[in-house]
Each structure stands twice: as C-alpha cells, then as structure tokens.
Amino acid sequence: MGASTSSPTQRFSLNNLRSRKPHTPGVEEYEISPYKVSPLIVEMKKKNQWKSRFNALKDTDKLLVIEFTAKWCGPCKSLEAKLEELAAKYTNVEFVKIDVDVLKSVWKEYNLHALPTVVFMKRGQEVDRVVGLKLDEIEGKLHKYAYSF
C-alpha cells in the first residue's frame, strides 16, 4: 500500500525511548520525603530514625501501628492499600512501615516469624499484633486501641 510519509526526525528512535524514565502512576505524590510511603504512612529506613520516632511516641497515649513488610512479600503489597485507607480514617494514629530486609535488627527485636505482621503499640508497649493478611482483624484492633487507654 502506501509508504510511510513521516521523516526520520518525526519518528521515535529507540534511543529516545531508552532515555525516558518509566512512568509509574501516583509515584510523584509519594516523593515528598525519602521516608514517606504515602502522605499518611512513614517508612523507617534507618535504625536511629526508628528509635527516634518510637521514643517520641512512648510517652504519649497515641497508638503506633507498625507494618512489618518486605518488597518480595505479595500479601504485604495487598495490605498496603488497606493500611493507607485506615491511616486516612484514623488520623489520631501514627502509622509506620518497616521493611524487614532494611531493618533486620528491628524485625528480630519484635521476634517476628511471618509477614505481613502488624504490631499495635501504646506508651512504648506492644498491646497486640496481627500476623498475616487479616484485614478485618487489623481494622477491629485498630478501632479498639485507637480509642482506649
């Protein structure tokens, strides 16, 4: 049939495509801080950052919800959307995320054996935990502890 009428300068070259960064929808909004997972959940990347956050909250009545996760954990990825939703709903609760491959010492400190694990803390003490992708149980415990003590 007909030949292509576009000139070589009008066509995309392979080099142009390689030089472009892949677009990931929604990522721009999460690049506010290197420690933010989202606007509502803070990812702990260094032990001193974790200890500082923990120490700041242990003398308050604020509930701390710790999501222990890993990049390779499929159920952990499913949990993230639900925790984001819960963090928006429970604005009086502090949500943090700890990647067990990044902060192995914290993983060991909490004596965890499975992922995902969500630990609920108040006044520096663990009050409960949920192991596995049990969304209703996580939400129930969150409601229970967010408004108690």
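Is glutamate 80 buried, partly exposed or exposed? In this model, which is a predicted one, glutamate 80 is partly exposed, and its relative accessible area is 26%. I begin with this residue and its partner, and shall then move to the other salt bridges, to helix 2, and to the cavity.

Glutamate 80 forms a salt bridge with lysine 97, and the closest N and O atoms are 2.9 Å apart. The pair joins distant parts of the chain, since glutamate 80 belongs to helix 3, residues 74–89, and lysine 97 to strand 3, with their positions 17 residues apart. On the strand side, lysine 97 has a relative accessibility of 10% and therefore counts as buried, the cut-off for that class being under 20%. Glutamate 80, at 26%, falls in the partly exposed class.

Across the whole structure, the search finds 11 salt bridges. I shall describe two others.

One of them joins the side chains of lysine 82 and glutamate 139, at 3.2 Å from N to O. Here too distant parts of the chain are linked: lysine 82 is in helix 3 and glutamate 139 is in helix 5, residues 135–146, 57 residues apart. Lysine 82 counts as buried, with 17% relative accessibility. These two residues also take part in a network of salt bridges whose members are Lys82, Glu85, Lys89 and Glu139.

The other lies within helix 5. Lysine 141 and glutamate 137 meet through their side chains in a salt bridge of 3.4 Å, N to O. Both residues belong to helix 5 and are 4 residues apart, about one turn of the helix. As background, an α-helix has 3.6 residues a turn, so residues three or four places apart point the same way. Within this pair, lysine 141 is buried, at a relative accessible area of 17%, whereas glutamate 137 is partly exposed, at 33%.

I turn now to helix 2. Which residues of helix 2 are buried? They are Gln49, Trp50, Phe54 and Leu57, in a helix that spans residues 47–57. Viewed down the helix axis, these buried residues fall within an arc of 130°, so they line one face of helix 2. The face turned away from that buried side carries the exposed residues Asn48 and Ala56. The cover over the buried residues includes strand 1 (41–44), strand 2 (64–69), strand 3 (94–99), helix 4 (104–109) and strand 4 (117–122).

Strand 3 also holds glutamate 94. This residue is buried, with a relative accessible area of 13%. Leaving aside residues up to four places away in sequence, glutamate 94 touches Arg53, Leu57, Lys62, Leu63, Leu64 and Val65. Among these contacts is Leu57, one of the buried residues of helix 2.

Finally, the cavity. How many cavities of 30 Å³ or more are there? The count comes to 1, and the largest cavity holds about 30 Å³ of space. Its lining consists of Phe54, Leu57, Lys58, Lys62, Leu64, Met121, Lys122, Arg123 and Gly124. Helix 2 and strand 4 each contribute at least two residues to the lining of the largest cavity. By residue class, this lining divides into 4 nonpolar, 1 polar and 4 charged. Phe54 and Leu57 appear in the lining, and both are also among the buried residues of helix 2. Leu57, Lys62 and Leu64, which are part of the lining, are also among the residues touched by glutamate 94.

Note on methods. Residues numbered from 1 in each chain as written. Predicted model: local features only at pLDDT ≥ 70, side-chain atom pairs only at ≥ 80, totals over all residues. Heavy atoms only, no water. Buried < 20%, exposed > 50% of the residue type's maximum accessible area, 1.4 Å probe, protein only. Arc of directions from axis to C-beta. Contact = heavy atoms within 4.5 Å. Salt bridge = Lys/Arg side-chain N within 4 Å of Asp/Glu carboxyl O. 1 Å grid on protein atoms, 1.4 Å probe; cavity = no way out; pocket = protein on both sides within 12 Å on 5 of 7 lines; lining within 4 Å. Points joined across faces, edges and corners; volume = space filled by probe spheres on them. Nonpolar A, V, L, I, M, F, W, Y, C, P; charged D, E, K, R; others polar.
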